[in-house]
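Thanks for coming. I will keep this short and go through one part of the structure on the screen.

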Amino acid sequence: MDAQVQPIDQINQAALEIKKKLGSLSPQFGVILGSGLGGFAELIEDKIIIPYEEIPDFPISTVEGHCGRLVAGRIGERSLIALQGRFHYYEGYDMQEVTFPVRVLKSLGIKGLIVTNAAGGVNTAYAPGDLIIIEDHINLIGRNPLRGKNYPELGPRFPDLSEAYDPVWRKTASEAMAELGITPQQGIYAGLSGPSYETPAEIRYLRTIGADLVGMSTVPEVIVANHGGMRVLGLSCVTNMAAGVLKQKLNHREVIETTEKIEKTFVALLTLIIKKLDD
Ligand code: HPA
């Protein structure tokens, strides 16, 4: 990003361009769709689709299974913006770029963010295909998106993260799961930089420090959403057991295949949650 331009100007400019295309729609929620989970966007009614290329300063996603567009519209009575395709630190983006879309959602007046991801199961009670509500996270990326000059318009210098994942929204998500016959489970998400998967020793370490899930996204976006005073709900899809849990190697194909299998349930759950969330 151009160091001469204030990030706030870029954020507001991107939001302005989006706003022009939204017409009378004023979205309540933002939804970030993780690897292989983009199918949710198909369900959005009265869709307004904006490719990332058409939004000034929006990075472009490069990973297989991510498509790179914003889909705004409605789910029942609720209005929302879904981001199909996110930006990962491992792709080479800096933390400002990774979290830029969250800043833009905030600038659009959105007060609640739902983040979804594919994750490895560290907790051996999990199985591939499980959907887990994120209770909290452990930032092991080695970076914090708030490092550098703080803009008080965006949030405080030292934001509190003691309820980074909204407790009321976690309860609502649990109730939605139970309604759909899914056993509600909550877990701690460890965010690492990737892109290599972890070693079995690293997974044992993560288990020891209290992690149930491991992934390469979400943490920066959640930090920035909290900085901006947004409420956050996190949902992980366990796409594989983490390294060393089973006697098999990990690959990205397995991750995508599991998300394809679970997609219908995931979409039904996300839809129900969005209808039930208080705002
Ligand atoms: N490790 C890290 N990230 C992941 C995994 C994993 O096992 N599965 C899906 N994303």
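**Strand 9, a binding site and helix 5**

Strand 9 pairs with strand 6, residues 131-139, through 3 bridges, and these two run antiparallel. As an example of that pairing, I133 has L235 as its bridge partner in strand 9. Before I go further, please keep in mind that this is a predicted model.

Strand 9 also pairs with strand 5, residues 112-121. Here there are 10 bridges, and the two strands run parallel. If you want one pair to look for, take A119, whose bridge partner in strand 9 is V238.

Is strand 9 mostly covered or mostly open? It spans residues 231-241, and 10 of its 11 residues are buried, so I would call it mostly covered, counting a residue as buried when its relative accessible area is under 20%.

Now the binding site. Which residues carry that feature in UniProt? The record, an unreviewed entry, places "binding site" at E198 and N240. They are spread over 43 residues of sequence but cluster in space, with a largest C-alpha distance of 12.4 Å. Both E198 and N240 are included in the lining of the second largest pocket.

Take E198 to begin with. You will find E198 in the loop between strand 7, residues 186-191, and helix 4, residues 200-208. Why does E198 count as buried? Its relative accessibility is 10%, and the cut-off is under 20%, so E198 falls on the buried side. Setting aside residues up to four places away in sequence, E198 touches L192, I203, V214 and A243.

N240 sits in strand 9. N240 counts as buried because its relative accessibility is 4%. Beyond its neighbours within four places in sequence, N240 is in contact with A119, G120, G121, P128, L250, E254 and V255. A119 is the residue I mentioned as the bridge partner of V238.

Next, the ligand. Among the residues that surround the ligand are A118, A119, G120, Y197, E198, T239 and N240. V214, which E198 touches, is also one of those around the ligand. The same list includes L250 and V255, and both of these are in contact with N240.

How far are the polar side-chain atoms of E198 and N240 from a nitrogen atom of the ligand? For E198, one such atom lies 2.8 Å from a ligand nitrogen. For N240, the distance is 2.7 Å. G120 comes in through its backbone: an N or O atom there lies 3.3 Å from a nitrogen atom of the ligand.

Last, helix 5 and the loop before it. T218 is found in the loop between strand 8, residues 213-215, and helix 5. T218 is buried because its relative accessible area is 0%. The side chains of T218 and N117 are joined by a polar contact of 2.8 Å. Apart from neighbours within four places in sequence, the residues in contact with T218 include R86, V115, I134, Y165 and Y189.

Helix 5 itself covers residues 219-227, and 9 of its 9 residues are buried. What do those buried residues pack against? They pack against strand 1, helix 2, strand 5, strand 6, strand 7 and strand 9. After helix 5 comes G229, with a positive phi near 75°.

That is the end of the tour, and I can take questions.

Key. Residues are numbered from 1 along each chain as its sequence is written. This is a predicted model: local features need pLDDT of at least 70, side-chain atom pairs count only at pLDDT 80 or more; totals for chains, interfaces and linings use all residues. Side-chain values use heavy atoms; hydrogens and water are left out. Buried means under 20% relative accessible area, exposed over 50%, partly exposed in between (1.4 Å probe, protein chains only). Helices (H or I, at least four residues) and strands (E, at least two) are DSSP runs, numbered from the N terminus. Two strands pair if DSSP finds at least two bridges between them. UniProt positions are given in the numbering used here, feature names are shortened, and annotations may be inferred rather than shown by experiment. On a 1 Å grid over the protein atoms alone, a cavity is a set of points where a 1.4 Å probe fits but cannot get out, and a pocket is an open set with protein on both sides within 12 Å along at least five of seven lines; lining residues have an atom within 4 Å of a point. Contact means heavy atoms within 4.5 Å. A residue is near a molecule or strand if one of its heavy atoms lies within 4 Å of it. A polar contact is a pair of N or O atoms within 3.5 Å; within protein, one must be able to donate a hydrogen and the other to accept it, and residues adjacent in sequence count only if both atoms are side-chain atoms.
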